Amino acid sequence: MTFPRRTRRVASALAMGAAAAVVLAACSNGGGSSTSSSSSSSSSGSSDLSLKIGSILPTTGTLAVLGPPEIAGVTAAVKDINAANAGIKVSYQQKDSGDTSTNIASQSAKALLSTGVSAIVGAASSSVSLSFVDQLGSAKVVQLSPANTSPAFSTYKDNGFYWRTAPSDVLQGRVLGQKVLKDGALNVSIIYQNDSYGQGLNDNVKKALTAGGAQVGADVVFDPKSTNFSAEVDKALAPKPDALIVISFDQIKNIVQELDRNNFDFKKLYGVDGNYGVITDAFKNVDISGSQLTNPGVHATGAFAQKLDAANGKKLSVYSYGPESYDGTTLIALAALEAKKTDGASIKDHLKDVSEGGTKCKSFADCAKLVKQGKDIDYDGQSGPVTFDANGDPSQAYISIYKYGKGNATAWEAQQFGDLTKG
């Protein structure tokens, strides 16, 4: 079911006072961390807008591997926004999301709402986001996830307060299915987790496979809380598949060990964003050389990868959704700057417009200059063109493909651009 969600803005000029220099500070505070400018607009006498945001990203649970790059993306964006001295100052606090086995995320949402945040970046897991999306919508606080890919969000009744910079699994499913077909597999088995993420991605992978002439010999579901996968692996291998797709989070570690006990050829294994980066060269139990995995987004390299490393305090093991976190945070600030207001309702009313249609710009500083001149902007960020559709989804995005080598080292293979407006 669909419904109207977004409103367009009336472009307006923005005249702001000079911004005071700011210094980014980070400190630990109970279950989360906070980052803010060294002085507030009220104490400095500045006319800068003051924007308070939070994030609910995983430092524990089955998706903890995604926490460091996502948190680094938000932290780096806040630093760049404040350094631009463009008429807005951002303060930021991070809270853990945990996973669906706990209520950490809803407690984190409650804690952040009590501080008066206007927007929250997170969660990583689609199912975790679903556990607190109504909390934020009721409070008229924007939720922007850098990593939710479940198609369920495209039609979710959130009153326009939910957004994401990661594409729906309609796209990842299509790319993964086409990759398997291109590699010559026509008899495919799938093992997937039983939640909104697993179900959505499984459905879309199967559509791509069957449309390309392959058959799904076994479609095996598992409880995300499971730790023993002998029965699931037996069912998946029974049809003697040419390829096996595993849709999971960190359960992949136990699944590959069960596959190894069955003398499985890992060149036939395909994975997804939920399990990419979980197995690293530090994992010595099984060598999954030859396996290939998809991951929405571009491959972070060069200066931007170094920026994320610096924000993390050390080199990251994976950069998954770091660019999407950076872009989401930047878009929130640009929407507030354009609206001349920092409340959640004003931000959500301007998010779509700053992502499309106007003069293209690729950094907060450059975009902010255009906004201050009263110009319509189109932010194209680190993750790609972004361009939100009427549902708050990015209508265009990249899907990267990674391959495991000897010793569980991973290498980027390619990236494929997808346009969800073209079916």
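Of the 423 residues in the protein, buried residues make up 57%, a value computed, like the others here, from a predicted model. The protein exposes about 16100 Å², and carbon and sulfur atoms supply 49% of that area. Its secondary structure consists of 13 helices and 16 strands. Among the contacts with a separation of 6 or more, 69% are accounted for by residues 24 or more positions apart.

A single buried position shows what such contacts look like in detail. Gly54 belongs to strand β3, which covers residues 49-57, and with a relative accessible area of 0% it is buried, because buried means under 20%. Leaving out residues up to four places away in sequence, Gly54 touches Tyr92, Gln93, Leu112, Val117, Ala119, Ile120 and Val121. One of these partners, Leu112, is 58 residues away from Gly54 in sequence, yet their C-alpha atoms are 6.5 Å apart in space.

Leu130 offers another view, this time from helix α4, made of residues 126-130. Its relative accessible area is 28%, so Leu130 is partly exposed. Beyond its neighbours within four places in sequence, Leu130 is in contact with Phe153, Tyr156 and Ser196. Of these, Tyr156 lies 26 residues from Leu130 along the chain, and the C-alpha atoms of the two are separated by 9.5 Å.

Further along the chain, helix α6 (residues 169-182) meets helix α7 (residues 196-211), with axes that come within 7 Å and cross at roughly 45°. The two helices, α6 and α7, are therefore oblique to each other, and their crossing is right-handed. On the side of α6, the contact is made by Asp169, Val170, Gln172, Gly173, Arg174, Leu176, Gly177, Gln178, Val180 and Leu181, while α7 brings Tyr197, Leu201, Asn204, Val205, Ala208 and Leu209. Sorted by character, the residues of this contact between α6 and α7 divide into 9 nonpolar, 5 polar and 2 charged.

Helix α9, which spans residues 252-261, has Ile252, Ile255, Val256, Gln257, Glu258 and Leu259 buried. The elements that cover these buried residues of α9 include the strands β9 (215-222), β10 (243-247) and β11 (269-271), together with helix α8 (230-237). After α9 comes Asn263, whose phi is positive, near 55°.

Strand β12 (residues 292-296) contains Gln292, which counts as buried because its relative accessibility is 8%. Apart from residues up to four places away in sequence, Gln292 touches Lys179, Asp183, Leu269, Tyr270, Gly271, Ile401, Tyr402 and Lys403. Among these partners, Lys179 lies within the residue range of α6, and Leu269, Tyr270 and Gly271 fall within that of β11.

A further pair of helices can be set beside α6 and α7. Helix α10 (residues 302-312) and helix α11 (residues 322-339) pack at an angle of about 80°, and their axes are 11 Å apart. At this angle α10 and α11 are therefore roughly perpendicular to each other. The residues that meet are Phe304, Lys307 and Leu308 in α10 and Gly322, Pro323 and Tyr326 in α11. They divide into 4 nonpolar, 1 polar and 1 charged.

Technical notes
Residues are numbered from 1 along each chain as its sequence is written. This is a predicted model: local features need pLDDT of at least 70, side-chain atom pairs count only at pLDDT 80 or more; totals for chains, interfaces and linings use all residues. Side-chain values use heavy atoms; hydrogens and water are left out. Helices (H or I, at least four residues) and strands (E, at least two) are DSSP runs, numbered from the N terminus. Buried means under 20% relative accessible area, exposed over 50%, partly exposed in between (1.4 Å probe, protein chains only). Contact means heavy atoms within 4.5 Å. Accessible areas come from the Shrake-Rupley method with a 1.4 Å probe; for residues, only the protein chains shown count as cover. Axes are lines fitted to C-alpha atoms, for helices over the stretch in contact, and angles run from 0 to 180 degrees between N-to-C directions. Angles under 35 degrees count as roughly parallel, over 145 as roughly antiparallel, 65 to 115 as roughly perpendicular and the rest as oblique. A crossing is left-handed if the near helix is turned anticlockwise from the far one by less than a right angle, and right-handed if clockwise. Ala, Val, Leu, Ile, Met, Phe, Trp, Tyr, Cys and Pro count as nonpolar, Asp, Glu, Lys and Arg as charged, and the others, Gly among them, as polar.
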